[in-house]
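Trainee: Please take me closely through one part of this model, the pairing at the end of the sheet region and whatever leads up to it. I would like a connected account rather than a list.

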Amino acid sequence: MQPILKEEVFSAPRWQKTIYRIVSLLMLILGGYVLKIKNAGWIIFLAAFIFLIAVSMFIYTRVKLIISNDSVRFVGGLKKHSFLWSDITQIDMIRLGKFKTPSATIYYSGGKLELNMSVYLKPEFNKILSLLEMKVDSVLFTENYKEVRGQIS
């Protein structure tokens with residue numbers, strides 16, 4: 001197990017965050033206009049859906065995965081994760097969906113953290129996996145992880 005020399009922070013690219021924040025603001029404005037419609041009937045329920053999408057997009061821009069020499073932290077979302085490297089019990093990976101997008105799951109003593117390649121760009125996702133492989137004992141990686149990791153490298 002090798003040390004990580006500096007804290008690594010992974011999040012969405014700046015251009016994507018900017019676009020999502022602008023669209024989120026536009027969605028909030030659209031939701032406000034939907035609420036102002038007189039005699040809206042069933043369309044009023046559309047406002048709740050619009051607000052949900054806007055809030056979800058804004059929360060996504062705040063999500064960060066922070067990997068340091070001591071611990072792994074996932075902050076900014078609805079559920080925060082923070083655990084030490086020694087708390088990890090297993091790491092698994094599967095391919096999901098039509099495009100077989102890899103999804104790594106880190107099981108630790110307090111729960112599990114799922115990392116999808118669709119959230120991070122491929123180079124960032126590979127760097128996250130490399131950092132995990134540096135700090136975690138190879139016995140904790142499942143056969144499925146090793147097989148999928150070989151396919152995406």
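**The hairpins, strand by strand**

Mentor: Let's start at a turn: tyrosine 108 stands opposite glycine 111 in E7. These two residues belong to a hairpin made by E6 and E7, with two residues between the strands. E6 covers residues 101-108 and E7 covers residues 111-116; the two run antiparallel and are joined by six bridges. For the terms, strands (E, at least two residues) and helices (H or I, at least four) are DSSP runs numbered from the N terminus, and two strands pair if DSSP finds at least two bridges between them.

Before going further, please keep in mind that this is a predicted model, in which local features need pLDDT of at least 70 and side-chain atom pairs count only at pLDDT 80 or more, while totals for chains, interfaces and linings use all residues. Residues are numbered from 1 along each chain as its sequence is written, and side-chain values use heavy atoms, with hydrogens and water left out.

E6 has a second partner, on the other side of a loop. E5 (88-96) is followed by that loop and then by E6, and E5 and E6 pair in the antiparallel sense over eight bridges. Within this pairing, isoleucine 94 stands opposite serine 103 in E6. The hairpin of E5 and E6 has four residues between the strands, and there glycine 97 takes a positive phi near 75°. Lysine 100 sits in the loop between E5 and E6 as well, and its phi is near 55°, a positive value in a residue other than glycine. Most residues other than glycine have a negative phi. Lysine 100 counts as partly exposed because its relative accessible area is 47%; buried means under 20%, exposed over 50%, and partly exposed in between (1.4 Å probe, protein chains only). By contrast with that loop residue, E6 itself is mostly covered, with six of its eight residues buried.

Now step back along the chain to another hairpin. E2 (residues 64-67) and E3 (residues 71-75) pair in the antiparallel sense over four bridges, and three residues join them in a hairpin. Here leucine 65 has phenylalanine 74 in E3 as its bridge partner. E2 also pairs with E1 (residues 8-10): three bridges join the two antiparallel strands, and glutamate 8 stands opposite isoleucine 67 in E2.

Two valines of E3 make a useful pair to study. Valine 72 lies in E3 and counts as buried because its relative accessibility is 1%. Not counting residues up to four places away in sequence, valine 72 touches Leu65, Ile66, Ile67, His81, Ser82, Phe83, Trp85 and Leu113, where contact means heavy atoms within 4.5 Å. One of these partners, Leu113, brings us back to the hairpin we started from, as E7 spans residues 111-116. Valine 72 and valine 119 are 47 residues apart in sequence, and their C-alpha atoms are 17 Å apart in space.

Valine 75 is found in E3 too, yet it is partly exposed because its relative accessible area is 29%. Its contacts, with residues up to four places away left out, are Arg62, Val63, Lys64, Ile66 and Lys80. Valine 63 lies 12 residues from valine 75 along the chain, and 5.8 Å separates their C-alpha atoms.

A helix deserves a glance as well. Methionine 57 has its place in H2 (residues 44-62) and is buried because its relative accessible area is 17%. Beyond its neighbours within four places in sequence, methionine 57 is in contact with Tyr20, Val23 and Ser24. Serine 130, which is 73 residues from methionine 57 in sequence, is 28 Å from it in space, C-alpha to C-alpha.

Finally, here is the setting of these parts. The protein has four helices and seven strands, which follow the pattern β-α-α-β-β-β-β-β-β-α-α along the sequence. Of its 153 residues, 39% count as buried. Among contacts between residues at least 6 apart in sequence, 49% join residues at least 24 apart. The C-alpha trace spans about 65 × 35 × 30 Å along its principal axes.
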